[in-house]
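The following exercises concern the surfaces at which molecules meet. Please study the sequence and the structure before reading each solution.

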2 protein chains.
Amino acid sequence: MSLPEADAAVVDGVLAALADPTRRRLLDLLSGHGQATASTLAQHVPVSRQAVVKHLVVLDDAGLVEATKVGREVRYTVRPDSLDATARWMTALAADWDRRLARIRRFAEASEISGTDTP
Amino acid sequence: MSLPEADAAVVDGVLAALADPTRRRLLDLLSGHGQATASTLAQHVPVSRQAVVKHLVVLDDAGLVEATKVGREVRYTVRPDSLDATARWMTALAADWDRRLARIRRFAEASEISGTDTP
DNA sequence: TCGATGTGCAACTATGAAGTTGCAACCAAG
DNA sequence: CTTGGTTGCAACTTCATAGTTGCACATCGA
């Protein structure tokens with residue numbers, strides 16, 4: 001109803017991307033440095049450069065980072081748009097749950113009976 | 001840093017839990033029905049009851065659902081608190097990225113050095 | 001041109017998670 | 001007590017993904 005369904009794919013990708021601690025760390029490093037290459041990031045994370053690259057591909061597919069080729073190196077930057085969309089989605093979802101729970105609670109108090117549906 | 005670090009474990013659990021589409025579907029069903037058992041949920045989802053139970057355990061560990069034993073059945077309910085906390089965390093993170101990007105952009109414009117696109 | 005540094009691609013391993021099946025235990029109603 | 005429905009536990013399979021290594025390709029500087 002009031003939940004935005006248009007960016008379901010975006011939300012899906014962002015949630016999957018944020019589920020990994022290493023990727024969250026990379027995003028943290030990126031937001032702190034403004035720009036960084038995969039090689040530079042690999043120095044601040046206990047995995048290899050190729051592992052970092054794979055993570056950056058996932059983050060790029062989720063729209064969370066942007067790759068810019070500068071000479072022979074690839075600079076990565078954080079992109080807040082899809083994160084912001086997912087944050088809004090989650091906030092709306094939490095509000096929706098609260099609404100439903102409030103309604104159910106009110107209904108339960110009024111009708112005194114607890115059997116909601118399944119007999 | 002304005003980012004709340006106290007609920008890092010909560011955020012971690014919620015993100016991991018929400019990463020799975022089946023778990024999101026279960027949460028959707030639960031928020032719609034108010035209450036449901038694992039057997040009931042399994043009828044609305046293309047997986048077995050035991051798979052649903054495992055998902056519910058994950059959701060319970062993440063603080064997203066609550067289990068209540070009623071007679072011989074276990075009723076599950078949605079719990080918005082940790083979802084709300086995660087939503088706030090994500091909103092703060094998006095705002096933080098925006099802040100940093102704005103600062104970097106302002107700095108780049110002021111110092112005139114970085115040829116962003118036109119060489 | 002030559003070397004050094006950085007990136008891209010491919011093959012491979014392995015650990016964890018999602019899902020299944022089977023069976024035991026439990027509880028309510030006949 | 002027995003029977004039907006419900007949950008709980010355990011072993012097992014399967015598959016995605018995080019990680020590795022090795023090498024080829026590009027690019028900058030001397």
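A salt bridge is a side-chain nitrogen of Lys or Arg within 4 Å of a carboxyl oxygen of Asp or Glu. The model is predicted: local features need pLDDT of at least 70 and side-chain atom pairs pLDDT 80 or more, whereas totals for chains, interfaces and linings use all residues. Residues are numbered from 1 along each chain as its sequence is written, chains are lettered from A and ligands numbered from 1 in the order in which they are written, and side-chain values use heavy atoms, without hydrogens and water.

**Exercise 1.** State how many salt bridges link chain B and chain A, and describe one of them.

*Solution.* Step one: the count between chain B and chain A is two salt bridges. Step two: in one salt bridge, the side chain of D12(B) meets that of R24(A), at 2.3 Å from N to O.

**Exercise 2.** Describe the extent of the interface between chain B and chain A.

*Solution.* Step one: 33 residues from chain B and 33 residues from chain A take part in the contact (heavy atoms within 4.5 Å). Step two: the size of an interface is often given as the accessible area lost when the parts come together. Buried area is this loss, found with a 1.4 Å probe and summed over both parts. Step three: for chain B and chain A the buried area is about 2800 Å², and carbon and sulfur atoms give 72% of it. Step four: in chain B, the residues that lose the most area to chain A are L83(B), M90(B) and W97(B), together 24% of what that side buries.

**Exercise 3.** Identify the residues that lie closest to DNA strand C, and describe how the protein meets the strand.

*Solution.* Step one: 19 residues surround DNA strand C (a heavy atom within 4 Å of the strand). The closest are S39(A), R23(B), S48(B), K54(B) and H55(B). Step two: of the atoms of DNA strand C that come within 4 Å of the protein, sugar and phosphate account for 53%. Step three: consider individual atoms. A polar backbone atom of S48(B) is 2.5 Å from a phosphate oxygen of DNA strand C. For T22(B), an N or O atom in the side chain is 3.5 Å from a phosphate oxygen of the strand. K54(B) instead has a side-chain N or O atom 2.5 Å from a base oxygen of DNA strand C.

How values were computed. Buried area = accessible area lost by both parts, 1.4 Å probe. Polar contact = N/O pair within 3.5 Å; in protein donor to acceptor, adjacent residues only side chain to side chain.
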